[in-house]
Amino acid sequence: MLIKLAKSCGFCFGVKRAIRLAENNPDSIVIGELIHNSREIDRLNRNFGVRSADNLDKLKKGDRAIIRTHGIEKDAKAKLLTIADDIIDATCPYVTKPQKIAEAMSDEGYQTIIFGDGSHPEVKGVLSYADENAAVVADASELDRVTIRDRAALISQTTKSIAAFGEVAAALIAKTSETRVFNTICNATYDNQEATRKLAKEADVMIVIGGKNSSNTKQLHSIALQYCADSYLIEDGDELRREWFANKRLCGVSAGASTPDWIIEEATKAIEAF
Ligand code: SF4
């Protein structure tokens, strides 16, 4: 069986930047999870003493805080400024962009509509920069349950697919007299999705490696499933099963934007061993 790695997969620029910042600032406290990969978070904790705090009350004066890759809510950031002595902002620039757009569009009187998962930290953060008329929709049909105003601004969670974003944009345009559409899907996500799509079309079995709570990894898995019914999402090589590879000719491997190279290599070696 041949094993082929997707042309574009694994760590993106935003995650690399966040990890570099964490490694350069040992013993800091991250607000939430720095990235959606528990094994990499464990490594940062073990080797650099970087810890996570799930809420700001766990911080005390003098602490050094890191804002996670997906950003935090506007109020939380303001509060953090009053607690921590030193703040390292690891918010990915691709996430800062929709935050700024949401704020500017609200100021200009547009209703901000965010296409994304309302429970995701990135989306909650972006929503906090918009005014009270803003809404989050998971797909085009959800626009029907929102009171849409005459002028709207549409932005997307960074990890969504362009095709699905286009559907929401078309439905929103039909409901307003003016819709401003901002493509806030990040390039890394787009490149990883396209490479996974291409590989899944030719593979007999697809392995997508990444955190099970990572939106972009789940997205890659669902794209892989569209083209290759035998597609599996794993966090690391320990979850692989020998029977997945029986009588397969080509195994495609892809990985989410917060999956480090060492986990991809480990998993690939485990597949080779089968
Ligand atoms: S996937 Fe995109 S938005 Fe998310 S951290 Fe990476 S570069 Fe930034």
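Is Asn247 buried or exposed? In this predicted model, Asn247 counts as exposed because its relative accessibility is 82%, and the cut-off for exposed is over 50%. Asn247 lies in the loop between strand E11 (231–234) and strand E12 (250–255). The phi angle of Asn247 is near 60°, a positive value in a residue other than glycine.

A second residue with a positive phi is Asp27, where the angle is near 65°, again in a residue other than glycine. Asp27 belongs to the loop between helix H1 (13–24) and strand E2 (29–31). With a relative accessible area of 54%, Asp27 is exposed.

**Domains**

The domain assignment divides the protein into domain 1 (2–9 + 187–273), domain 2 (13–91) and domain 3 (94–181). Between domain 1 and domain 2, the contact takes twelve residues from domain 1 and nine residues from domain 2. The centres of domain 1 and domain 2, taken over C-alpha atoms, are separated by 28 Å.

**Ligand site**

The ligand sits in the largest cavity. Around the ligand are Cys12, Gly14, Thr69, Cys92, Tyr94, Thr158, Cys186, Thr189 and Ala257. By residue class, the shell around the ligand comprises five nonpolar residues, four polar residues and no charged residues.

**Buried residues**

Four buried residues are set out below, each with its relative accessible area.

| Residue | Relative accessible area |
|---|---|
| Ile155 | 1% |
| His120 | 6% |
| Ala84 | 6% |
| His36 | 9% |

Ile155 is placed in strand E8 (residues 151–156). Because its relative accessible area is 1%, Ile155 is buried, the cut-off being under 20%. Not counting residues up to four places away in sequence, Ile155 touches Pro98, Ile101, Ala102, Thr112, Ile113, Ile114, Phe115, Val126, Phe165, Phe182 and Thr184. One of these partners, Ile114, is 41 residues from Ile155 in sequence, and their C-alpha atoms are 5.0 Å apart in space.

Two of the tabulated residues are histidines that touch each other. His36 lies in the loop between E2 and helix H2 (38–48), whereas His120 lies in the loop between strand E6 (111–115) and helix H5 (121–127). With neighbours within four places in sequence left aside, His120 is in contact with His36, His70, Gln157 and Ser215. On the same basis, His36 touches His70, His120, Gly211, Asn213, Ser214 and Ser258. His70 is therefore a contact partner of both His36 and His120, being within 4.5 Å of each by heavy atoms. His36 and Thr217 are 181 residues apart in sequence, with a C-alpha to C-alpha separation of 9.4 Å.

Ala84 is found in the loop between helix H3 (74–83) and strand E5 (86–89). Although it is in a loop, Ala84 is buried, with a relative accessible area of 6%. Apart from neighbours within four places in sequence, the contacts of Ala84 are Leu59, Asp63 and Ala65. Ala84 is 68 residues from Lys16 in sequence, and 24 Å separate the two in space, C-alpha to C-alpha.

The loop residues thus include both classes, because Asn247 counts as exposed at 82% relative accessibility, while His120 counts as buried at 6%.

Definitions and conventions
Residues numbered from 1 in each chain as written. Predicted model: local features only at pLDDT ≥ 70, side-chain atom pairs only at ≥ 80, totals over all residues. Heavy atoms only, no water. Near = heavy atom within 4 Å. 1 Å grid on protein atoms, 1.4 Å probe; cavity = no way out; pocket = protein on both sides within 12 Å on 5 of 7 lines; lining within 4 Å. Sits in = over half its atoms within 2 Å of the grid points. Nonpolar A, V, L, I, M, F, W, Y, C, P; charged D, E, K, R; others polar. Helix = DSSP H or I, 4+ residues; strand = E, 2+ residues; numbered from the N terminus. Buried < 20%, exposed > 50% of the residue type's maximum accessible area, 1.4 Å probe, protein only. Domains from an automatic or database assignment.
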